[in-house]
Amino acid sequence: MPTPHISAARGDFADVVIMPGDPLRARHISQRFLQDAREVTSVRNMLGYTGTHKGRPVSVMGHGMGIPSLSIYATELIREYGVRVIIRVGSCGAIRPDVKVRDIIVATAAGTDSQVNRLRLGGHDFPAVADFALARQAVEAAEKRQRPVRVGSVFTSDLFYSPPGEKEKNEVYARMGMLAVEMEVAGLYGVTAEFGARSLALLTVSDHLITHEALSASERQTTFDEMIELALDVAAAQ
Ligand SMILES: O=P(O)(O)O[C@H]1O[C@H](CO)[C@@H](O)[C@H]1O
Ligand SMILES: O=c1cc[nH]c(=O)[nH]1
């Protein structure tokens, strides 16, 4: 029962899917963290794998960049493959001095300049929030591992390269409590709400939009792996 964007057969996906933006990161997660992982889809090279973690079936699949790309994959996974929980593991840029490169963020909510959730809700604002149980499990997993995490809201932007005025906008987002910017979380929380699934986003701060510090490739790998361990702890608890 392939969909236009996923070539897997019915039953190929676990009901919990961990989703990075980058499909090669999905392959890395499957190779490093899942047991008996097998590739289940590769349409457009948006790679997806299913294996087990601590005996529980878990899938991992890339979702691409931006809300439109994520929305296609999340919709098809939920509607056609019975996926019930999606955990995004992504990167983000910090927009305030107290948030540092390498920090891991449990994104409990997201503001956005995207219109997609208003399209869903007849022009009204949608509360783009994480599933509370998943967020709590992520925080508890971090405490158990003695791994500090930041818990709070982020801003989901449609543009990676912003027009003039980005600095001032980021200052407003920061003043209103948001920790970082990225490009999918508000869409993820909207699409899972629309189709009755649950979701959470964990983010690693890969670069700092004030200091312009950025993770090196090897630091990126290590910090991402620490975030993925938390995502797997949450997945195993479902
Ligand atoms: O690292 P990922 O998960 O792709 O997330 C961030 O990186 C991409 C931009 O470089 C956007 O998708 C943004 O949300
Ligand atoms: O979307 C993103 C991701 C990482 N860093 C940014 O500045 N933006």
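This report describes the fold, the nonpolar core, the two ligand shells and several individual residues of a predicted model.

**Overall fold**

The chain contains 7 helices and 9 strands. Its radius of gyration is 17 Å, close to the 18 Å that the globule rule gives for 238 residues, so the chain is as compact as a globular protein of that length. Along the principal axes, the C-alpha atoms occupy a box of roughly 45 × 45 × 30 Å. Of the 238 residues, 48% are buried. Among contacts in the chain with a separation of 6 or more, 75% join residues that are 24 or more positions apart.

The UniProt record, an unreviewed entry, lists residues 16-232 as "domain: Nucleoside phosphorylase". Over residues 16-232, helix accounts for 37% of the chain and strand for 29%. The C-alpha atoms at the two ends of this stretch are 10 Å apart.

**The nonpolar core**

The largest nonpolar core comprises 77 residues. Those that touch the most other members are Val 17, Ile 87, Ile 105, Val 154, Ala 180, Leu 202 and Ala 231. Helix 7, which covers residues 217-236, gives the most to this core, with 8 residues.

Leu 202 illustrates how distant parts of the sequence meet. Leaving out residues up to four places away in sequence, Leu 202 touches Ile 87, Val 89, Ile 104, Val 106, Ala 138, Met 227, Leu 230 and Ala 231. Two of these partners, Ile 87 and Ala 231, are also listed with Leu 202 among the core residues that touch the most other members.

**The ligand shells**

Around ligand 1 stand Pro 20, Gly 21, Asp 22, Met 65, Gly 90, Ser 91, Phe 160, Glu 182, Met 183 and Glu 184. By class, this shell holds 4 nonpolar, 3 polar and 3 charged residues.

Ligand 2 is surrounded by Ser 91, Cys 92, Gly 93, Phe 160, Val 181, Glu 182, Met 183, Ser 206, Asp 207 and Leu 209. Strand 5 (85-94), strand 8 (180-182) and strand 9 (198-208) are the elements that give two or more residues to this shell. Strand 5 gives the most, with 3 residues. The shell around ligand 2 divides into 5 nonpolar, 3 polar and 2 charged residues. Ser 91, Phe 160, Glu 182 and Met 183 appear in the shells of both ligands.

**Individual residues**

Ala 94 lies in strand 5, the element that gives the most to the shell around ligand 2. With 27 other C-beta atoms within 10 Å, Ala 94 is buried, because 20 or more such atoms place a residue in that class. Beyond residues up to four places away in sequence, Ala 94 touches Val 99, Lys 100, Val 101, Ala 180, Val 205, His 208 and Leu 209. One of these, Leu 209, also belongs to the shell around ligand 2.

Val 149 occupies the loop between helix 4 (132-144) and strand 7 (150-156). Despite this loop position, Val 149 counts as buried, with 20 C-beta neighbours inside 10 Å. Apart from neighbours within four places in sequence, Val 149 is in contact with Ile 104, Ile 105, Val 106, Val 139 and Ala 142. Ile 104 and Val 106 are also touched by Leu 202.

Asp 12 is found in the segment before strand 1 (16-19). Asp 12 counts as partly exposed, with 19 C-beta neighbours inside 10 Å. Its contacts, leaving aside neighbours within four places in sequence, are Val 40 and Thr 50.

The table gives C-alpha separations for three residue pairs.

| Pair | Separation in sequence | C-alpha distance |
|---|---|---|
| Asp 12 and Gly 51 | 39 residues | 9.8 Å |
| Ala 94 and His 212 | 118 residues | 9.4 Å |
| Val 149 and Ala 138 | 11 residues | 9.2 Å |

**Backbone angles**

Most residues other than glycine have a negative phi. Asp 36, although not a glycine, has a positive phi of about 50 degrees. Asp 36 is placed in strand 2 (residues 35-41) and is exposed, with 8 other C-beta atoms within 10 Å. Lys 54 likewise has a positive phi, near 50 degrees. Lys 54 lies in the loop between strand 3 (48-53) and strand 4 (56-61), and is exposed, with 11 other C-beta atoms within 10 Å.

Key:
Residues numbered from 1 in each chain as written. Chains lettered and ligands numbered in written order. Predicted model: local features only at pLDDT ≥ 70, side-chain atom pairs only at ≥ 80, totals over all residues. Near = placed C-beta within 6 Å. Nonpolar A, V, L, I, M, F, W, Y, C, P; charged D, E, K, R; others polar. UniProt positions renumbered as here; feature names shortened; annotations may be inferred. Helix = DSSP H or I, 4+ residues; strand = E, 2+ residues; numbered from the N terminus. Rg over C-alpha atoms; globule rule 2.2 N^0.38 Å. Buried ≥ 20, exposed ≤ 12 C-beta atoms within 10 Å, placed from the backbone. Contact = placed C-beta atoms within 7 Å. Core = buried A, V, L, I, M, F, W, Y, C linked by C-beta atoms within 7 Å.
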